[in-house]
Amino acid sequence: MKKIIVGISGASGMPLAYHLLEELKKHDIEIHLVMSRSALITIPYECEHSVEEFYNLANVVYDYSNIGAAIASGTFQVVGMIIIPCSMKTVAGLAHGYSDNLLLRAGDVMIKEKRKLILVTREAPLSPIHLDNLSYLSKLSNIYIIPPVLSYYNHPQTIEDMETHLIGKILSPFDIQVDDFKTWK
């Protein structure tokens with residue numbers, strides 16, 4: 001069974017994060033979840049799902065401050081990590097090796113071990129500082145920056161259609177096929 005770490009920062013996008021967790025469950029992925037304190041605050045503002053419902057979709061839930069957790073070590077075998085949504089604070093921490101919490105440490109481990117790290121970045125407009133940090137990270141071969149940008153060629157009818165399309169893009173680097181993901185023809 002594939003193991004994937006899912007990190008959830010406090011940026012806007014909690015319904016998309018929940019949708020991703022649901023999709024990973026469909027594919028029998030072992031989910032290791034770590035959520036920032038800001039994520040715990042943002043969930044009730046954006047989502048009809050409770051923090052407990054997020055936890056219930058994961059196989060293992062880690063305390064954000066537990067820097068000694070299994071996912072903080074390169075010897076813990078996972079295929080990669082998805083940070084969804086990924087705040088610019090998280091991007092800055094990753095770009096500069098500032099790992100003062102478990103979410104950042106797990107991301108740092110993905111970088112040093114050259115495992116896939118998907119960043120579903122959220123911010124608009126982007127400042128020159130954000131762009132510099134993203135540019136630096138984009139040069140690392142194992143990092144995929146996938147902002148939740150809408151596509152229209154798939155003719156979405158609902159928000160769920162748009163989320164499914166984004167989830168298909170996010171999971172593609174892991175060779176996970178999402179039902180109803182419409183590729184360009």
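Which helix and strands do the buried residues of H7 pack against? Keep that question in mind; point 3 answers it. Here are some notes to read beside the structure.

1. **What you are looking at.** This is a predicted model. The chain has seven helices and six strands. Starting from the N terminus, they follow one another as β-α-β-α-α-β-β-α-α-β-α-β-α. Try tracing that order with your finger before you go on.

2. **The overall shape.** A compact globule of 185 residues would have a radius of gyration near 16 Å, and the chain has 15 Å, so the two agree. Along the principal axes, the C-alpha atoms fill a box of roughly 45 × 40 × 35 Å. Buried residues account for 50% of the 185 residues. Contacts often bridge long stretches of sequence: of those between residues at least 6 apart, 76% join residues at least 24 apart.

3. **Helix H7, and the opening question.** H7 covers residues 159-171, which is 13 residues. From its first C-alpha to its last it reaches 18 Å, close to the 18 Å expected at 1.5 Å a residue. Its buried residues are Glu163, Thr164, His165, Leu166, Ile167, Gly168, Ile170 and Leu171. They pack against helix H1 (14-26), strand E4 (80-86) and strand E5 (116-121).

4. **Helix H4, mostly covered.** Six of the eight residues of H4 (residues 88-95) are buried. These are Met88, Thr90, Val91, Gly93, Leu94 and Ala95. Their cover includes E4, helix H5 (102-113), E5 and helix H6 (128-138). Just after H4, look for glycine 97, which takes a positive phi of about 65°.

5. **A residue on the inside.** Is isoleucine 31 buried or exposed? This residue sits in strand E2 (residues 30-35). Its relative accessible area is 0%, and buried means under 20%, so isoleucine 31 counts as buried. Setting aside neighbours within four places in sequence, isoleucine 31 is in contact with Ile4, Val6, Leu21, Leu24, Lys25, Leu57, Ala58, Asn59 and Val60. Its C-alpha lies 14 Å from that of phenylalanine 174, a residue 143 places away along the chain.

6. **A residue in between.** Tyrosine 55 belongs to helix H3 (residues 51-57). With 25% relative accessibility, tyrosine 55 counts as partly exposed. Beyond its neighbours within four places in sequence, tyrosine 55 is in contact with Leu33, Met35, Leu40 and Val61. Leucine 33 is 22 residues from tyrosine 55 along the chain, and their C-alpha atoms are separated by 7.6 Å.

7. **Two cis peptide bonds.** Both are worth finding on the model. One joins isoleucine 84 and proline 85, with omega about -15°. Proline 85 has its place in strand E4. Another cis bond joins alanine 124 and proline 125, where omega is about -10°. Proline 125 is in the loop between E5 and H6.

8. **Positive phi in two loop residues.** Aspartate 28 is in the loop between H1 and E2. Its phi is near 55°, a positive value in a residue other than glycine. At 52% relative accessibility, aspartate 28 counts as exposed. Histidine 155 is found in the loop between strand E6 (143-145) and H7, and its phi, near 50°, is again positive in a residue other than glycine. Histidine 155 counts as exposed, at 59% relative accessibility.

9. **After the last helix.** Which residues does lysine 182 contact, leaving aside its neighbours within four places in sequence? Lysine 182 lies in the segment after H7, and its contacts are Tyr153, Asn154 and His165. His165 also appears among the buried residues of H7. The C-alpha atoms of lysine 182 and histidine 155 are 9.2 Å apart, with their positions 27 residues apart in sequence. Lysine 182 itself counts as partly exposed, at 46% relative accessibility.

10. **Surface and charge.** The accessible surface of the chain comes to about 9300 Å², and 52% of this belongs to carbon and sulfur atoms. There are 16 positive and 20 negative side chains. The centres of these two sets lie 9 Å apart.

Key
Residues numbered from 1 in each chain as written. Predicted model: local features only at pLDDT ≥ 70, side-chain atom pairs only at ≥ 80, totals over all residues. Heavy atoms only, no water. Helix = DSSP H or I, 4+ residues; strand = E, 2+ residues; numbered from the N terminus. Rg over C-alpha atoms; globule rule 2.2 N^0.38 Å. Buried < 20%, exposed > 50% of the residue type's maximum accessible area, 1.4 Å probe, protein only. Contact = heavy atoms within 4.5 Å. Areas by Shrake-Rupley, 256 points an atom, 1.4 Å probe, with all protein chains shown as cover. Lys, Arg positive; Asp, Glu negative; His and termini not counted. Charge placed at Lys NZ, Arg CZ, Asp CG, Glu CD. Expected span 1.5 Å × (residues − 1).
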